[in-house]
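User: I am new to this structure and would like to learn how to read its features one at a time. Could you take me through them slowly?

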2 protein chains.
Amino acid sequence: MGRDIRIVIIEDDQIIREGYALLIGQSEGYQVVNSYVSFDEAAKSIADDGPDVVLLDIELPGTNGIQAIPKLKRLLPHAYILILTVYESEKTIFEALANGASGYLTKNTPAIKIVESIREVKEGGGPMSVNIARMVIKSFQRNQESPLSRRETQILEQIADGKSRSQIARDLFIDLETVRSHIKNIYLKLDVNSRADAIKTAKENKLI
Amino acid sequence: MGRDIRIVIIEDDQIIREGYALLIGQSEGYQVVNSYVSFDEAAKSIADDGPDVVLLDIELPGTNGIQAIPKLKRLLPHAYILILTVYESEKTIFEALANGASGYLTKNTPAIKIVESIREVKEGGGPMSVNIARMVIKSFQRNQESPLSRRETQILEQIADGKSRSQIARDLFIDLETVRSHIKNIYLKLDVNSRADAIKTAKENKLI
DNA sequence: ACATTATCACCCCAATGGGGGGATTTTAAT
DNA sequence: ATTAAAATCCCCCCATTGGGGTGATAATGT
């Protein structure tokens with residue numbers, strides 16, 4: 001097999017930081033090359049550490065973990081970033097993933113699973129804690145009890161794609177007035193009176 | 001602990017179907033209550049089986065797995081659906097999750113992992129194969145080399161939310177003309193000349 | 001058979017969107 | 001310190017759109 005997986009840990013809590021370092025360092029094929037208490041500390045020399053995987057906490061002094069992700073990406077274009085945190089808010093998770101994190105583990109994750117996830121992420125996987133995976137999957141799912149009919153949902157999707165009434169009419173092979181009528185009914189059902197509000201309400205209720 | 005987890009398998013390949021049944025039936029706390037070769041077969045009596053978890057294949061004769069998900073949901077509002085398939089196309093995965101699947105495993109998944117995933121899904125988790133998780137996470141990630149500036153990206157997001165120029169101007173505390181100017185530049189950079197095309201191009205390239 | 005859904009019609013008018021042509025200042029990177 | 005990029009703002013034009021009313025009729029499905 002190849003050389004050790006090089007790991008850097010960024011975590012402000014000393015106990016946790018050293019705990020991880022010890023845990024991972026003991027595992028065959030893993031090498032903790034450095035660890036930092038903050039991103040701001042890490043920024044100076046992490047490029048020289050040349051890690052394959054960065055274990056990153058969210059709550060950090062100074063630059064927080066979310067903000068740190070794109071900066072790390074610039075310093076280490078080929079490294080994978082694995083979030084390891086107690087934060088479980090939907091917003092935080094999606095921000096982390098959108099910013100380029102390759103995995104998201106919560107701190108209750110068993111030690112073996114953490115070590116395993118580091119390998120997984122290096123091999124192109126996307127490790128997630130079970131609760132995180134649930135939230136991620138839920139984010140894909142539509143509301144089953146939508147008040148909108150199929151046609152209305154379809155038209156609302158096109159509206160969310162920025163299409164004008166006439167474009168929608170052309171695309172669906174129906175009359176302009178029909179589109180208008182559908183949109184009116186959508187507004188009625190969602191209790192809104194503009195495209196923007198319709199899209200907002202629809203997204204909030206996962207209708208589209 | 002509680003009673004056994006009740007499982008129904010829908011899978012057209014006899015070897016695989018019986019293999020799963022045997023594998024899962026042997027595990028402590030798991031009970032395969034029935035298995036079917038297609039959804040159309042299952043539809044008749046699956047409600048009487050009262051499963052907690054349905055293992056569902058995608059490629060099925062008649063109603064395919066994707067189409068079957070919402071129908072299963074109606075027949076079994078409280079059951080979890082776990083996709084177990086060889087299909088790994090992005091479209092299929094997202095359709096399955098959007099339709100209400102609670103997990104997505106590929107058939108190369110080790111036997112132990114399958115059994116574990118059934119429990120996980122019943123406990124509210126969202127099990128995924130590593131390759132699936134990678135695709136799901138990737139779907140959240142933005143294109144790092146966006147040609148758009150921050151402000152432009154922000155404004156394009158608002159456009160995708162259906163907002164008018166004046167609404168955007170109000171929300172960002174800038175002049176209407178500034179918004180106009182930004183939109184012009186967005187159109188230039190994306191080589192489009194309408195909101196709809198801008199949104200389309202942006203989504204295709206994961207700029208928003 | 002009855003309610004929902006889908007379709008189409010015509011009234012009005014302010015606001016919008018997109019195509020031009022610019023300029024200036026602030027910010028960031030080198 | 002220089003310079004490029006980004007962000008801000010200002011005019012012109014005008015066809016199209018979007019939203020508010022107030023309807024009708026045919027198709028669909030439960």
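User: Which residue is the bridge partner of A:Leu84 in S5(A)?

Analyst: Keeping in mind that this is a predicted model, the residue in S5(A) that is the bridge partner of A:Leu84 is A:Leu105. That pair belongs to a wider pattern, since strand S4 (residues 80-85) of chain A and S5(A) are paired in the parallel sense over four bridges.

User: In what order do the five strands of the open sheet in chain A stand, and which strands are at its edges?

Analyst: A sheet is read strand by strand across its width, and here the order in chain A is S2-S1-S3-S4-S5, an open sheet of five strands with parallel pairing. The edges are taken by strand S2 (30-36) and strand S5 (103-106) of chain A, each of which has a single partner strand, so one side of each is left without a neighbour in the sheet. From one strand to the next, the twist averages 25°.

User: Which strands of chain A does helix H5 lie across?

Analyst: To place a helix against a sheet, one asks which strands are touched and how the directions compare. Helix H5 (residues 111-122) of chain A lies across strand S1 (5-10), S2, strand S3 (53-56), S4 and S5 of chain A, and its course runs at about 155° to S4(A).

User: At what angle do helices H4 and H6 of chain A pack?

Analyst: For two helices, one reads the angle first and the residues afterwards. Helix H4 (residues 90-99) of chain A packs with helix H6 (residues 130-138) of chain A at an angle of about 85°, and their axes are 11 Å apart. Because angles of 65 to 115 degrees count as roughly perpendicular, H4(A) and H6(A) are described as roughly perpendicular to each other. On the side of H4(A) the contact is made by A:Glu90, A:Ile93, A:Phe94 and A:Leu97, while H6(A) contributes A:Ile132, A:Met135 and A:Val136. By class, these residues divide into six nonpolar, no polar and one charged.

User: How is chain A divided into domains, and how far apart do their C-alpha centres lie?

Analyst: Chain A is divided into domain 1, covering 5-138, and domain 2, covering 150-204. The C-alpha centres of these two domains of chain A lie 42 Å apart.

User: What strand order does the open sheet of chain B have?

Analyst: The sheet of chain B is an open one of five strands, with parallel pairing and the order S2-S1-S3-S4-S5. Its edge strands are strand S2 (30-36) and strand S5 (103-106) of chain B, each pairing on one side only. Within this sheet, strand S3 (residues 53-56) of chain B runs parallel to strand S4 (residues 80-85) of chain B and is joined to that strand by four bridges, and B:Val54 stands opposite B:Ile81 in S4(B). Helix H2 (residues 39-49) of chain B packs on the sheet, where strand S1 (5-10), S2 and S3 of chain B are touched, and the direction of this helix makes about 140° with that of S2(B).

User: At what angle do H2(B) and H3(B) pack, and which residues make the contact?

Analyst: H2(B) and H3(B) pack at an angle of about 10°, with their axes 10 Å apart, and that makes H2(B) roughly parallel to H3(B). The residues in contact are B:Phe39, B:Ala43, B:Ile46 and B:Ala47 of H2(B), together with B:Ala68, B:Lys71, B:Leu72 and B:Leu75 of H3(B). Sorted by class, the contact of H2(B) with H3(B) has seven nonpolar, no polar and one charged residues.

User: What rotation superposes chain A on chain B, and through what surface do the copies meet?

Analyst: When copies are compared, one looks for the movement that lays one upon the other. Here a rotation of 180° with 0.2 Å of shift along its axis superposes chain A on chain B, with an RMSD of 0.3 Å. The two copies are thus related as by a two-fold rotation axis. As for the interface, 100% of the interface residues of chain A are also interface residues in chain B, so the copies meet through the same surface.

Definitions and conventions:
Residues are numbered from 1 along each chain as its sequence is written. Chains are lettered from A and ligands numbered from 1 in the order in which they are written. This is a predicted model: local features need pLDDT of at least 70, side-chain atom pairs count only at pLDDT 80 or more; totals for chains, interfaces and linings use all residues. Side-chain values use heavy atoms; hydrogens and water are left out. Domain bounds come from an automatic or database domain assignment. Two strands pair if DSSP finds at least two bridges between them. Helices (H or I, at least four residues) and strands (E, at least two) are DSSP runs, numbered from the N terminus. Contact means heavy atoms within 4.5 Å. Axes are lines fitted to C-alpha atoms, for helices over the stretch in contact, and angles run from 0 to 180 degrees between N-to-C directions. Angles under 35 degrees count as roughly parallel, over 145 as roughly antiparallel, 65 to 115 as roughly perpendicular and the rest as oblique. Ala, Val, Leu, Ile, Met, Phe, Trp, Tyr, Cys and Pro count as nonpolar, Asp, Glu, Lys and Arg as charged, and the others, Gly among them, as polar. Copies are superposed by least squares on the C-alpha atoms of residues with pLDDT of at least 70 in both.
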